[in-house]
Amino acid sequence: MVVTTMAADPGESLYSTFASRYVQTPSPGLSPSLYLSLYCGGRFKMPETAIPREAAFQIISDELMLDGNPRLNLASFVTTWMEPECDRLVMASINKNYVDMDEYPVTTELQNRCVNMIAHLFHAPIGEEEAAVGVGTVGSSEAIMLAGLAFKTKWQKKRKAQGKPFHSPTSSPAPTSRYTVCWEKFARYFEVELKEVKLRDDFYVMDPVKAVEMVDENTICFEDVRLLNQLLSDKNKETGWDTPIHVDAASGGFIAPFIYPELEWDFRLPLVKSINVSGHKYGLVYAGVGWAIWRSKEDLPEELIFHINYLGSDQPTFTLNFSRGSSQIIAQYYQFIRLGFEGYRNVIENCMKNTRALRDGIAGTGRFTILSKDVGVPVVAFSLVDAGKYTVFDVSESLRRFGWIVPAYTMPPAAGHIAVLRVVIREDFSRGLAERLVSHLCKVLAELDALPGRTAAAAHLAAADAGKAAAEEEEIATFWRRLADRRKTSGVC
Ligand SMILES: Cc1ncc(COP(=O)(O)O)c(C=O)c1O
C-alpha cells in the first residue's frame, strides 16, 4: 500500500503547471465540500455549488485520460478518424437540432441527398426524377427497428384484411443468423418472435437453406441474400405467401458496392424491400448516424409516418426519437461528395490490403488459426492453435500493455467452445500499425510462453501475494514509526 498525503502548502498549487492541483487541495478552485463530493464518494449527486470552468474541464479531462485510445480500439467498426475539414463542419453544426427542419432547411436537404445517393448505390428502382424512400437514423439499430416495424405493420394489415389473427406476439418471426443485440431488441420491444438460424463450427454465417426452412406464414422478414431470394421466391410461389427480405448491411452496405459491385445483395433482388446501413461504420462518419432505405413507397406503410407542423411547414417523420444532432448527417454528406465512388473504393481497397497484411503476419507466427474469410468485411478473426497454457483472453489482456484494444470472445452458442481474437481494420489502421501489432503479438506470445503453466502460475501468484502483504505491513509500520519519531522531536501534536 502506498501512503499518500495532501499538498502541504495550498499556495504552492497556484503555481503548479498541472491543473491537477484542483484535485490535490480544496483551494483554489474547489470548495472543501465540492472536493469531498467529487472525490470522496459523492460522485452521483449534483454538487451544490458551481466551480470555475477550467476546473471542470481539467477534472473531466484527467478522468478521461483513463479511457482507451479510440484509434487503437480494434474492437469496433465505428469510425475514429475524419479529415480536419469534416471535423470543422461537425463542430460548426453541433448546436443544430436536426428535427427543426423548417429552421434548418439546408440540413434537411443534405439528408435527403444522402438518402437518394444511398438508394441509388443500393440499386433502388427509382426514376431520375423520383425521390427515394429512406431516413437518417442514429445508427443501424434504429434503422432495423424502423424497417422491422414497417414489415410488422404491413403483415398485420394484410392479416386483418384476411380476417386472420394478427395480435399474437409470437406470430411474426424473423430468422437471423447473427448474434447482434439489435435484432433481439427489435424482437422484444416490438413483440416479434425471433427465429435464430444457429451457426455451426465450420459455418459462421446464416445458412439460407435452413433460414427458408424456418419460414412460415407469419414470417415478416429476414436478412441475407441471393440464394435466400431464390429459395424464398420458390417458397412464396408454392404457398401463396409474400415473405420479404430485409438486409442488415450495417457494415457491408458501404463495402460491397465499392469492391464487389457484381455481388447481388441489394434492391436488384426483387424480395429485398428494405436495407439498413451504418453511416458511422464504413460510411466513414463518427458515431451517431445510420440509414434505413426502402425499395418503394409501398414498402413503408403510411400510418407509420407522422406529420408535424408546429416547427413550421409540414414535415413527415419516421424515427424513434425526435431531437437529434445534425453534425453526423452533414459529415456523411461531406464524405459522399469529398470521396465520391472512387474515394470510397480506394479507402475500402486499402482496408482490405491492410487486412491481408495483418492476416499474413498473424498466420506467419504459426500460433494462430485464421477464422475470418478473405472476402467480406475487413476483419481478422483468429484463435490460438494451442490454448492449453494460456488463452486468447490472456493474449488480449497482455496486448493492452502496448495500448492495443483487441477483444477476445467466444462464438455464439452453437460454436461457443471457440474463443477468438478479432481485429477490425478501419480507414485509420495503417499498414505500419498492422506490422507493429504483429510484432507486439510476437512479444506477448514469447512472454506468455516463458511463464509457468496455469497451476504453477496460480501457486506462484499466491506466494507473491503473501510476500506483498508482508511488505505492505512493514511499509505501514515504518511510516507510523517515523511519524511518531518526528512528533517526538518537533513537539507538534
Ligand atoms: C450486423 C449488424 N447489425 C446491426 C448492428 C448495429 O449497428 P449500430 O451500431 O449502427 O446501431 C451491428 C453492430 O455492429 C452489426 O454488426
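**Entry 1: the ligand shell**

I sorted the shell around the ligand by class and got 3 nonpolar, 6 polar and 3 charged residues. A reminder to myself: this is a predicted model. Next I looked up which residues come nearest to the ligand. Of the 12 around the ligand, they are Ser140, Ser141, Asp248, Ser278 and His280. I also checked which element gives the shell its largest share, and helix α6, residues 140-161, supplies 3 residues.

**Entry 2: polar contacts to the ligand**

I went through side chains that face oxygen atoms of the ligand, taking N or O pairs within 3.5 Å as polar contacts. For Ser141, a side-chain N or O atom sits 2.6 Å from a ligand oxygen. His280 places a polar side-chain atom 2.7 Å from an oxygen atom of the ligand. I then turned to Lys281, where the distance from a side-chain N or O atom to a ligand oxygen is 2.8 Å. How much of the ligand's accessible area does the protein cover? I noted 75% of the 400 Å² that the ligand has on its own.

**Entry 3: the second largest pocket**

I moved on to the second largest pocket and wrote down a volume of about 810 Å³. Its lining counts 34 residues, and those that lie nearest the centre are Asn112, Ala132, Val133, Gly134 and Pro316. By class, I have 16 nonpolar, 12 polar and 6 charged residues in this lining.

Which elements each supply at least two residues of the lining? I found α5 (105-121), β1 (133-137) and β6 (315-317). The largest share comes from α5, with 5 residues.

**Entry 4: aromatic pairs**

Last, I looked at the rings, counting two as a pair if their centres lie within 6.5 Å. The count comes to 12 aromatic pairs. I picked out one of them, Trp294 with Phe318, and found the pair tilted, at 5.7 Å centre to centre and 40° between the planes. Why tilted? The angle of 40° is neither under 30 degrees, which would be stacked, nor over 60, which would be edge-to-face, so the pair falls into the remaining class.

I also checked where the two partners sit in the chain. Trp294 belongs to strand β4 (residues 290-294), while Phe318 is in the loop between β6 and α11 (327-364). The two are 24 residues apart, and the pair links distant parts of the chain.

Technical notes. Residues are numbered from 1 along each chain as its sequence is written. This is a predicted model: local features need pLDDT of at least 70, side-chain atom pairs count only at pLDDT 80 or more; totals for chains, interfaces and linings use all residues. Side-chain values use heavy atoms; hydrogens and water are left out. A residue is near a molecule or strand if one of its heavy atoms lies within 4 Å of it. A polar contact is a pair of N or O atoms within 3.5 Å; within protein, one must be able to donate a hydrogen and the other to accept it, and residues adjacent in sequence count only if both atoms are side-chain atoms. Accessible areas come from the Shrake-Rupley method with a 1.4 Å probe; for residues, only the protein chains shown count as cover. Helices (H or I, at least four residues) and strands (E, at least two) are DSSP runs, numbered from the N terminus. Ala, Val, Leu, Ile, Met, Phe, Trp, Tyr, Cys and Pro count as nonpolar, Asp, Glu, Lys and Arg as charged, and the others, Gly among them, as polar. On a 1 Å grid over the protein atoms alone, a cavity is a set of points where a 1.4 Å probe fits but cannot get out, and a pocket is an open set with protein on both sides within 12 Å along at least five of seven lines; lining residues have an atom within 4 Å of a point. Grid points are joined across faces, edges and corners, and a volume is the space filled by probe spheres set on the points. Rings of Phe, Tyr and Trp (its six-membered ring) pair if their centres lie within 6.5 Å; planes under 30 degrees apart count as stacked, over 60 as edge-to-face and the rest as tilted.
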